Amino acid sequence: MEKLTKYNQKLLAIIGTTIVGGAVLAIVIGIGGLIISAIDFGGGTDNGIQIRNNRANQTDSTVIIRTQAITFNDPIQLDTAQAKFIIPVGHVNLETEERIKIESGSGIKYSNTEYRYDSYYGLFNNFIFYDYNSDFKAKIFNNKIAITHWSYLRIDSNELLLFKGTKNDINSDNQLDYSDYQSLFVYYISDKKLVEYDFKNSTVLGFEPMPKTNLISIKIGIDKDVDLEYESRSEPEEIMTLNVLTRKVNGLVSEKMKKEIQSKVD
């Protein structure tokens, strides 16, 4: 009888521990779900950069409704040996829309080489380049744009700012964001020149410097069925290269070699 009592006590203790453990696990999962749902990952359409502001009155072209406001991030030093900085510009969705009056006559203005590479992700609508020594300041983009990934690269005396983003609303959802075709934009610091590298019916998936070379590899996704959406499971990727010195883009693998490899798969 005593053994049975001890057995029942142990059984009740195990059951109680299991119930408490399950309750704690459920609470943790619930809290985790709330946290995840509260996080803004930047890829949703609600946080995209709007293509155009709504007019307050279709007959009055001098008044717009502003729903997004720019916001500035902390300056980032591009190279610890130099007083050169970049200031990323983001945006916030306004809780209360603002009526903006456009003044008459004006518009809306929007190896042994020395090597360094820094990379950042987010959703930005512009950048300001600042050279302290020369007191030079300039916004990098003149058009409305959504940037999702940017980097600073220095190879010897060659300094570049690399940006992955889009200025075209390919899918016509009135948003510039991750879902549109992405291009590679390169700002050559030496002559303050911005160059766009885009690829027909393709989107830039990413870029990465190739160590001990003057090349940057560019991974692109090919929208083979041209439905304005790249599907990673059923559509191919390709590697292009940008030569930092010549500023030219070429395929890493020749057309001849691609055909030879494809013939083996066929």
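Helices here are DSSP runs of H or I with at least four residues, numbered from the N terminus. Keep that in mind for α2, which turns up again and again below. One more thing before we start: this is a predicted model.

**Exercise 1. Get your bearings: how many helices and strands does the chain have, and what percentage of its residues count as buried?**

Step 1. Go through the secondary structure: you should end up with 2 helices and 17 strands.

Step 2. Now look at burial. The chain has 266 residues, and 33% of them count as buried.

Step 3. Finish with the outside. The accessible surface comes to about 16900 Å², and 54% of that belongs to carbon and sulfur atoms.

**Exercise 2. Which element gives the most residues to the lining of the second largest pocket?**

Step 1. Find the pocket. Its space is about 330 Å³, and Pro236, Glu237, Glu238, Lys258 and Gln262 are the lining residues that lie nearest its centre.

Step 2. List the elements that supply at least two lining residues each: they are β16 (237-243) and α2 (255-265).

Step 3. Pick the winner. Helix α2 gives the most, with 6 residues, out of a lining of 13.

Step 4. Sort the lining by character: 6 residues are nonpolar, 1 is polar and 6 are charged.

**Exercise 3. Lys258 forms a salt bridge: with which residue, and where do the two lie?**

Step 1. The partner is Glu255, and the closest N and O atoms of the pair are 2.8 Å apart.

Step 2. Both residues sit in helix α2, 3 residues apart, or about one turn of the helix.

Step 3. Follow the shared partners: Glu238, Glu255 and Lys258 are joined into one network of salt bridges.

Step 4. Check how open Lys258 is. Its relative accessible area is 25%, so it counts as partly exposed.

**Exercise 4. Which residues make the nonpolar surface patch of about 520 Å², and where is Val253 found?**

Step 1. The patch is made by Ile239, Leu252, Val253, Met257, Ile261 and Val265.

Step 2. Helix α2 supplies the largest share of the patch, 3 residues.

Step 3. Val253 is in the loop between β17 (249-251) and α2.

Step 4. Why can Val253 join a patch at all? Its relative accessibility is 34%, and patch residues need over 30%, so Val253 clears that cut-off.

**Exercise 5. Are Lys84 and Glu159, which meet in a salt bridge, buried or exposed?**

Step 1. Look at the contact: the two side chains meet at 2.8 Å, N to O.

Step 2. Use the cut-off: buried means under 20% relative accessible area.

Step 3. Lys84 has 14%, so it is buried. Glu159 has 11%, so it is buried as well.

**Exercise 6. Where do Lys167 and Glu196, the partners of another salt bridge, lie along the chain?**

Step 1. Their side chains meet at 2.9 Å, N to O.

Step 2. Lys167 is in the loop between β10 (158-166) and β11 (175-176), while Glu196 is in strand β13; with their positions 29 residues apart, the pair links distant parts of the chain.

Step 3. Lys167 is partly exposed at 34% relative accessibility, and Glu196 is partly exposed at 26%.

Step 4. For the full tally, the chain has 10 salt bridges.

Methods:
Residues are numbered from 1 along each chain as its sequence is written. This is a predicted model: local features need pLDDT of at least 70, side-chain atom pairs count only at pLDDT 80 or more; totals for chains, interfaces and linings use all residues. Side-chain values use heavy atoms; hydrogens and water are left out. Buried means under 20% relative accessible area, exposed over 50%, partly exposed in between (1.4 Å probe, protein chains only). Accessible areas come from the Shrake-Rupley method with a 1.4 Å probe; for residues, only the protein chains shown count as cover. On a 1 Å grid over the protein atoms alone, a cavity is a set of points where a 1.4 Å probe fits but cannot get out, and a pocket is an open set with protein on both sides within 12 Å along at least five of seven lines; lining residues have an atom within 4 Å of a point. Grid points are joined across faces, edges and corners, and a volume is the space filled by probe spheres set on the points. Ala, Val, Leu, Ile, Met, Phe, Trp, Tyr, Cys and Pro count as nonpolar, Asp, Glu, Lys and Arg as charged, and the others, Gly among them, as polar. Patches are made of residues with over 30% relative accessible area and no salt bridge: like charges are joined within 9 Å, nonpolar side chains (Val, Leu, Ile, Met, Phe, Trp, Tyr) within 5 Å. A salt bridge is a side-chain nitrogen of Lys or Arg within 4 Å of a carboxyl oxygen of Asp or Glu.
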